[in-house]
Amino acid sequence: MTGVAAPAQEVIQLPAEDRPLEANFEEVYRVGSLAGEDWEQFGEIAGLAFDGAGNLYVLDQQAARVVVVAPDASRLRTIGRAGDGPGEFRQPTRIAVTAAGQAMVFDRTQSTFHIFDPDGQLVRTVRMPGGALMTSMPDLDPGAPDHSVVPNGTVSSVSFGMLTGTDSQEPAGRPRPVTRLLLGGDVVRTDTVLHAWMAAPEPADARPRNEGVTWIGGRTLALAPSLLVGGLPGGGLVFSDSSDYRIRVVGVDSTFVRVLTRPIVPRPVSNRDRETELDRRRLEQERAESERPRSDIPERMRPMVDRILASQRADIETWPFYPEVPVIQDIQTSWNGAIWVRRAGESAAADGPIDVLTASGQYLGTYPAETTQMPDAFGPDGLAAFIETDEFDVETVVVRRLPATVN
């Protein structure tokens, strides 16, 4: 499958054979420990970001705060706290930081961005329009012009209409927008950067009906190509929306610049892929149910809730699949514009090798599978932050320095 049609553009065919890279990154420091200071006992890290001075911003969702870590691994400041007022968080889920140190924190429960200056002082709040509640927001990159952010990473189920509740879903099989969020006022405004391709869901009338529950509309096919987006320095973008190896480079003016391809074809979905994905969905269902015990549900509503949960469990077992596993599974972009591309692994749940490219069309090499994870944040001077979890599920942030050739 290919992405949405676009005007004629340069197509660069990258090499077919991998050129291995060694993941011998220099460790700069690490923070986060139950035995450490209070500020580095992280509960649940929801996001990481760097500013231009190399300060690391750690968004701790559980503690409802942002800890700013200096390049020498000391605490520089703490931003925000739990609460419902301006500059206070209930469920902070996303963070973006400009080179100058302006931090933009999105709170899902409040459906609001909190904007802080480089000293950590609240400048203003910017709410989502239309009375949106519990907004699901993708990862974010600072964008251009100032006071804007663009989606980063997997945004397969996100459009601005869905974010604000003004549109239940994108039309099946039609182009879907990638939207820049403009945060210069009191209400979020938007600028559609491009339209990408979307795989059509299963037909609505093909969906099985479970006793006592009526479903409307078709389900999105499991393992269908995700929309993967990364921001480039100066405001451009790269994105992938197809199952083959095809990355489109978009200029700051939203024009298509070039396409980067490799002759790597998607493989058919196997029984192992299907069972792995269904196991993942079953586990997600169990976790969702455990978060709200039956005892917390009013007694009069329990029969209805039980029917819905039973139908959701049965629904998983008949979930429809896309016929092939997309080659590209994740895209991230570095501070200097290098494109990190994670390919599919041997199974749907396994991470594959990571290619490193440039937006101009250079292939820099490939990190073999399991030699490194994708950085969770890129910074200046080759800095990259990785979230690691120990056997006790304690999260640690490790900051390493990447070679100049790949950042």
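Helix α2 of this predicted model makes a convenient starting point, and its length can be checked with simple arithmetic. The helix covers residues 271-291, and at 1.5 Å a residue its 21 residues should span 30 Å; the C-alpha atoms at its two ends lie 30 Å apart, so expectation and model agree. Burial along α2 follows a clear pattern. D273, E277, L278, R281 and Q285 are the buried residues of this helix. Viewed down the axis of α2, these buried residues fall within an arc of 120°, and they therefore line one face of the helix. The other side of α2 carries exposed residues, with N271, R272, E286, R287 and S290 found there.

One residue of the buried set, R281, also takes part in a contact with an aromatic ring. R281 lies over the face of W319, at 4.5 Å from the ring centre. A further contact of this kind involves R262, whose charged end sits over the ring of Y363 at 4.7 Å from the ring centre.

Aromatic side chains also meet one another. A search of the whole structure finds seven aromatic pairs. Among them is the pair of W340 and Y367: the ring centres are 5.5 Å apart and the planes meet at 25°, so the pair is stacked, the cut-off for stacking being under 30 degrees. W340 belongs to strand β24 (residues 338-344) and Y367 to strand β26 (residues 363-367), so this pair ties together parts that are 27 residues apart in sequence. Both partners are hidden from the surroundings by the criterion of under 20% relative accessible area. W340 is buried with a relative accessible area of 0%, and Y367, at 1% relative accessibility, counts as buried too. W340 and Y367 are also members of one aromatic cluster, which they form together with F25, F378 and F386.

Attention now turns to a sheet elsewhere in the sequence. Four strands form this open sheet, arranged in the order β9-β10-β11-β12 with antiparallel pairing. Strands β9 (92-97) and β12 (122-127) stand at the edges, and because each has a single partner strand, one side of each is left without a neighbour in the sheet. On average, neighbouring strands here are turned by 20° against each other, direction ignored. The partner of edge strand β9 is β10 (residues 103-107), and the two pair in the antiparallel sense over five bridges. Within this pairing, R94 stands opposite F106 in β10.

Notes:
Residues numbered from 1 in each chain as written. Predicted model: local features only at pLDDT ≥ 70, side-chain atom pairs only at ≥ 80, totals over all residues. Heavy atoms only, no water. Pairing = 2+ DSSP bridges. Axes fitted to C-alpha atoms, helices over the stretch in contact; angles between N-to-C directions. Phe/Tyr/Trp six-rings, centres within 6.5 Å; stacked < 30°, edge-to-face > 60°. Buried < 20%, exposed > 50% of the residue type's maximum accessible area, 1.4 Å probe, protein only. Lys NZ or Arg CZ within 6 Å of the ring centre and 35° of its normal. Expected span 1.5 Å × (residues − 1). Arc of directions from axis to C-beta.
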